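Biologist: I would like to go through this model and ask what stands behind the terms used for it. Please begin with the lining of the cavity.

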Amino acid sequence: RALYGLGLDEMRDSFTLDSSEDKKQTDSPRIGQSENYQATASTSSTGREISVQVSLPLPFSDDIACNKFSDLPQQSRWSPWLNSVAYLDDGEETEWTLNVRGIQYRWRAVSKMIENPKGIMWESVSGLKNKGVVEFVATSEDSCLMKVKMSLITPRILASVFRGTSTFVEEFLQNKLLKWSLEMFRDVVKADLALERGDAELGDALFGAVEGRANAIEATLSYPGKTE
């Protein structure tokens, strides 16, 4: 059931960016930075496998970050392109539904919590092929660095939506989808924490900003893609 012949336990210690030894990066990884967001990405020689590593500082502890993020059904709060994430009856797998430019994808995944640093790793077992690791590296008692490593096989239909340009898909993933997810995760948790400590004014303001951004993102993602 391993996506690339690797089990979950192997993924964290040796996260391979390519699915086979004969694949090479098409060029040097591109790097993008915005307000401490950092990202690198590469594409296999086939143009379909994309590997991304991103990070963003968070103004709360690794415990808080990990507990919030690992509540998987809450993922759509900071990833508006996710329709839903639900645990299946066996409790070991989750089903994910994604919508990008009118195209819907479903996949099932298994996940495992990790320690030192705290985080979670996942791997799809059906549908959209993807795997990854999210780590929360403590930088102080009240802050941490969120690091995400993931790779996916671009579906052929998605490649056609983006006019078959792997570079465009790669940049869309690292500079939009993942960037938006990490930044919205930070802001949603900040809003939750404000409300928990009784600061309703700040919490409501943060949620209002998050909702406005989510609406703008949904409008962008619902724009119909062109086909060849």
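Modeller: The model is a predicted one. By class, 30 nonpolar, 6 polar and no charged residues line the largest cavity.

Biologist: What makes a residue in that lining count as nonpolar or polar?

Modeller: The residue type decides: Trp, Met and Leu, among others, count as nonpolar, whereas Gly is among the polar ones. The residues closest to the centre of the largest cavity are Trp81, Trp107, Trp122, Met150 and Leu178, out of 36 that line it. Trp, Met and Leu are on the nonpolar list, so these five count as nonpolar.

Biologist: Why is this space called a cavity and not a pocket?

Modeller: A cavity is a set of points where a 1.4 Å probe fits but cannot get out, whereas a pocket is open. The structure holds 1 cavity of 30 Å³ or more, and its volume is about 680 Å³.

Biologist: Which element gives the largest share of the lining?

Modeller: Helix α4 does, with 7 residues. Elements that give two or more residues include β5 (93-100), β9 (143-153) and α4 (166-196).

Biologist: How do you know that strand β2 is mostly covered?

Modeller: Buried means under 20% relative accessible area. In β2 (residues 37-43), 5 of the 7 residues meet that cut-off, so the strand is called mostly covered.

Biologist: What makes β2 and β3 a pair?

Modeller: A pair needs at least two bridges. β2 and β3 (residues 49-58) have 6, in the antiparallel sense, so they pair. Ser42 stands opposite Ser51 in β3. The two strands form a hairpin with 5 residues between them, and Gly47 in the turn has a positive phi of about 85°.

Notes:
Residues are numbered from 1 along each chain as its sequence is written. This is a predicted model: local features need pLDDT of at least 70, side-chain atom pairs count only at pLDDT 80 or more; totals for chains, interfaces and linings use all residues. Side-chain values use heavy atoms; hydrogens and water are left out. On a 1 Å grid over the protein atoms alone, a cavity is a set of points where a 1.4 Å probe fits but cannot get out, and a pocket is an open set with protein on both sides within 12 Å along at least five of seven lines; lining residues have an atom within 4 Å of a point. Grid points are joined across faces, edges and corners, and a volume is the space filled by probe spheres set on the points. Helices (H or I, at least four residues) and strands (E, at least two) are DSSP runs, numbered from the N terminus. Buried means under 20% relative accessible area, exposed over 50%, partly exposed in between (1.4 Å probe, protein chains only).
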